[in-house]
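Okay, thanks for coming, everyone. I'd like to walk you through a few spots in a structure that's probably new to most of you. Let me put it up on the screen.

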Amino acid sequence: MIYFDNSATTQALPEIVDTYDKVSQRIWGNPSSLHNFGEQAFSLLEQSRKQIADLVHVHPDEIYFTSGGTEGDNWVTKGTAIQKREFGKHLITTAVEHPAIHNSMEQLRQLGYDITYLPVDQEGRISVNDLKAAIRPDTTLVSIMAVNNEIGTIQPIKEAAELLKNYPKIHFHIDAVQGIGKGIEDQIFNDRVDFITFSGHKFHAPRGIGFLYGRRGRQIAPLMSGGGQEKNQRSGTENLPAIAAMAKALRLLLAKEPQANQTEQAIKTLITDHISKFDKVTIFSKNSDGFAPHILCFAIKGVRGETIVHAFEKYQIYISTTSACSSKDHVVSSTLSAMHVPDSISTSAVRISLGDQNTLDEAKQFVKVFDQLYEEFDKLS
């Protein structure tokens, strides 16, 4: 099997599952309990928080545990809207965000908020000048994803942060679900970014766990009310086995980040160079510094994306249409639509997304299968 769908989810590695199992069996007390067993759980919870904070060079009290990227995006978007509603009801995001942001914004629109979606160029990238022009006195939030989940575009985070230094009251949020471990941490973490969303299952942790970075001094309203966990910001008994496993997964990810990125880039280059020779192929993810090393989106003219996915599946090669969150609904890629790619091409788009377990040998096997399938598709058309 060749698994090229790592942006949808990654395999929980055996050593990560081992940590999860050990914590589940040995430290299953509630971290909020007063007895010694609860204290053991609380101690591990805080050790995990500190480990994650140290790995990303922030303070432990700036790390909040969530159920994943969707919750983190919802929390920052709606939490800012609630917290700062008396100061304004205008929020800015981009036309190429994940549905967790886009749908949250649309829900706020129905509640009377004003939303601005920044357009993108032919590479799926916003203009900082457009961001500057969109800012109003009543703007309370700017939310931009670090790496686009469909085509891998890296957004100009540093430039946006520099601009927003002139607007210190506006919350600046980064969706970094696809950006962690991809060599751009220096862009994601800077002193003007207020909130950053992460999801554990994108880097070999279990599903259903994530974390949010929230800079000291920045407040958002909690969405989860209850027992007061996470400093009264996110109630609910902490998923300690998954938290400990995620801390370990992040440590392992960042330890091999340079080597993994180099391999991913080499795989992407090999596949890109090969498939670009075919007349009916359109490649949306450029092989340049402005794109993440692990995502390659392309289309074969006249062949629907789901047809391509299932054709490769017969050879036990697993790729996806442009977004796992909308693939089964047969929704046209929101990113490609924002780039003004015609539906006749965007409906043919598929995504390869690489991980640190993929190899060049897998890439060589992929292009062999690609040649066979392209010939079959060409005959059919």
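Before the first stop, one bit of vocabulary: the expected span of a helix is 1.5 Å times one less than its number of residues. Also, keep in mind that we're looking at a predicted model.

So, helix α2. That's residues 36-56, 21 residues in total. From its first C-alpha to its last it reaches 30 Å, which is close to the 30 Å expected at 1.5 Å a residue. Which residues of α2 are buried? They are Gly38, Ala41, Leu44, Leu45, Ser48, Arg49, Ile52, Ala53 and Val56. And what do those buried residues pack against? Two helices, α1 (14-26) and α8 (240-255), plus two strands, β2 (63-66) and β8 (210-214). Then have a look just after α2: His57 takes a positive phi there, about 60°.

Next stop, strand β3, residues 90-94. Five of its five residues are buried, so β3 is largely enclosed by the rest of the structure. Here's a general point that helps: in a regular strand, side chains alternate between the two faces of the sheet. In β3, His90, Ile92 and Thr94 sit on one side, with Leu91 and Thr93 on the other, and both faces are covered.

Who are the neighbours of β3? One is strand β4, residues 114-118, which pairs with β3 in the parallel sense over five bridges. If you want a landmark there, find Leu91, which stands opposite Ile115 in β4. Getting from strand to strand involves helix α4, residues 99-110: β3, α4 and β4 make a right-handed β-α-β unit. Another partner is strand β5, residues 139-145, which runs parallel to β3 and is joined to β3 by three bridges. The landmark for that pairing is His90, whose bridge partner in β5 is Thr139.

Last one, and it's a single residue: Ser333. You'll find Ser333 in the loop between β11 (317-318) and α11 (334-338). Is Ser333 buried or exposed? Its relative accessibility is 3%, so Ser333 counts as buried. Now follow the side chain of Ser333. It reaches the backbone nitrogen of Leu336 at 3.0 Å, and the backbone nitrogen of Thr335 at 3.4 Å. Leaving aside residues up to four places away in sequence, Ser333 touches Glu150 and Thr322.

That's my tour. Happy to go back to any of those spots on the screen.

Note on methods
Residues numbered from 1 in each chain as written. Predicted model: local features only at pLDDT ≥ 70, side-chain atom pairs only at ≥ 80, totals over all residues. Heavy atoms only, no water. Helix = DSSP H or I, 4+ residues; strand = E, 2+ residues; numbered from the N terminus. Buried < 20%, exposed > 50% of the residue type's maximum accessible area, 1.4 Å probe, protein only. Contact = heavy atoms within 4.5 Å. Polar contact = N/O pair within 3.5 Å; in protein donor to acceptor, adjacent residues only side chain to side chain. Pairing = 2+ DSSP bridges. Right-handed = clockwise from strand over helix to strand, strands pointing away.
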